[in-house]
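Here are some exercises to work through with the structure open beside you. Try each task on your own before you read its solution.

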Amino acid sequence: MANSRTNQLVPGISRLSRSKVFSKRAAYKIAKEAKPKVTKEKKAAAPKKPSTTKDLVNALTQKKKTLVTRSVALEPKTVRKAQRATPLRKSITPGTVLILLAGRFRGKRVVFLKQLSSGLLLVTGPFKINGIPLRRVNQAYVIATSTKVDLAGYKVDAKFNDAYFKKEAQAKLKGTEEEFFGKDAQKKEHPAHKIADQKVVDEKVVAAVAKVPYLASYLASSFALSNGQAPHTLKF
């Protein structure tokens, strides 16, 4: 075989290919000694149990049971904030005329009687003057005016509370033929005892309104803004 220096074109790069070097060395003519192969004894593997859907379901349900099990019973979250009634605005006193801003009678004027335990205001039209009965309103949706009705010496009955205005539970005909065709949709009459209570309250309020000229017509009229009027510049 030629000198290794003559077999290199440049240092690190051979002039002959790998196959040419292999043929020159005639390594293929050298008999190779056959080495006996050492066979390792394989241990007999245990037969695998075929997994079924039932085994998978059992494994999942067993895991779920361990997660759901609790040692401590759950307790409802306690609210630490104290429920306080909404304070009454200083501009609202018994006899103050209010303007309703929302609801069925929005734009109407009513007379304030007292504040209920829930924070809502008990007002009346009176019904004889403008058709507004005894009802509860939120003070956030009223405008307190400077006009007042003299209710000195008049004490509102204690029975006028939040439970007084609670509606009675009624049987629903949901999903029935009567509901679809409106066969039982009849106008329900107002309870007789509430009509009597309205007359008793209106008797005192109407008598106080009659003492002031034009106050009845003022309560009967509706509040509205004309073009160009800004509510924040008005004095009520």
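Before we start, one term: a polar contact is a pair of N or O atoms within 3.5 Å, where one must be able to donate a hydrogen and the other to accept it. Also keep in mind that this is a predicted model.

**Exercise 1. Get your bearings**

Task: Find out how many helices and strands the protein chain has, and in what pattern they follow each other.

Solution:
- Start by counting: the protein chain has six helices and seven strands.
- Next, walk along the sequence, and you meet them in the pattern β-β-α-α-β-β-β-α-β-β-α-α-α.
- Then look at burial: of the 236 residues in the protein chain, 21% are buried.
- Finally, take the contacts with a separation of 6 or more: 61% of them are between residues 24 or more positions apart.

**Exercise 2. T124 and its partners**

Task: Work out whether T124 is buried or exposed, and which side chains it makes polar contacts with.

Solution:
- First, locate T124: it's in strand β5.
- Its relative accessibility is 0%. Buried means under 20%, so T124 counts as buried.
- Now check the side chain. T124 has a polar contact of 3.3 Å with the side chain of Q198, and another with the side chain of D202, at 3.3 Å.
- Both Q198 and D202 also turn up among the residues T124 touches, a list that leaves out residues up to four places away in sequence and includes V110, L113, P133 and V205.

**Exercise 3. T145, a threonine in β7**

Task: Find which backbone atoms the side chain of T145 reaches.

Solution:
- T145 sits in strand β7, which covers residues 142-148.
- With a relative accessible area of 5%, T145 is buried.
- Its side chain reaches the backbone oxygen of V97 at 2.6 Å.
- The T145 side chain also reaches the backbone nitrogen of T147, at 3.5 Å.
- Leave out residues up to four places away in sequence, and T145 touches T96, V97, I99, Y218 and F236.

**Exercise 4. The nonpolar cores**

Task: Find which element gives the most to the largest nonpolar core.

Solution:
- The largest nonpolar core has 18 residues, and those with the most contacts inside it include L113, L134, V149 and V205.
- Three elements, β4 (109-115), α5 (192-210) and α6 (215-220), each supply at least two residues of this core.
- Of the elements, α5 gives the most, with four residues.
- Zoom in on V149: apart from neighbours within four places in sequence, V149 is in contact with P94, G95, V97, V111, V205, A208, V209 and L215.
- There's a second, separate core too, with twelve residues, L100, F105, L121 and I132 among them.

**Exercise 5. The largest pocket**

Task: Describe the largest pocket: what is its volume, and which residues lie nearest its centre?

Solution:
- Its volume is about 1100 Å³.
- The lining has 25 residues, and P133, K167, H190, P191 and K194 lie nearest the centre.
- The elements giving two or more residues to this lining are β6 (135-137) and α5.
- Helix α5 gives the most, with six residues.
- Sort the lining by class, and you get eight nonpolar, five polar and twelve charged residues.

**Exercise 6. Unusual backbone spots**

Task: Find where the backbone has a cis peptide bond, and which residues have a positive phi.

Solution:
- A bit of background: most residues other than glycine have a negative phi, and most peptide bonds are trans.
- The peptide bond from G125 to P126 is cis, with omega near 0°. P126 is in the loop between β5 (121-124) and α3 (127-130).
- Just after α1, A26 has a positive phi of about 55°. Helix α1 (residues 18-25) is itself hardly covered, with zero buried residues among its eight.
- Y214 has a positive phi as well, near 65°. You'll find Y214 in the loop between α5 and α6, and it's exposed, with a relative accessible area of 72%.

**Exercise 7. A pair across the sequence**

Task: Find how far G103 is from Y141 in sequence and in space.

Solution:
- G103 is in the loop between β3 (96-100) and β4.
- At 40% relative accessibility, G103 counts as partly exposed.
- G103 and Y141 are 38 residues apart in sequence, and their C-alpha atoms are 9.0 Å apart in space.

Note on methods: Residues numbered from 1 in each chain as written. Predicted model: local features only at pLDDT ≥ 70, side-chain atom pairs only at ≥ 80, totals over all residues. Heavy atoms only, no water. Buried < 20%, exposed > 50% of the residue type's maximum accessible area, 1.4 Å probe, protein only. Contact = heavy atoms within 4.5 Å. Core = buried A, V, L, I, M, F, W, Y, C linked by side-chain atoms within 4.5 Å. 1 Å grid on protein atoms, 1.4 Å probe; cavity = no way out; pocket = protein on both sides within 12 Å on 5 of 7 lines; lining within 4 Å. Points joined across faces, edges and corners; volume = space filled by probe spheres on them. Nonpolar A, V, L, I, M, F, W, Y, C, P; charged D, E, K, R; others polar.
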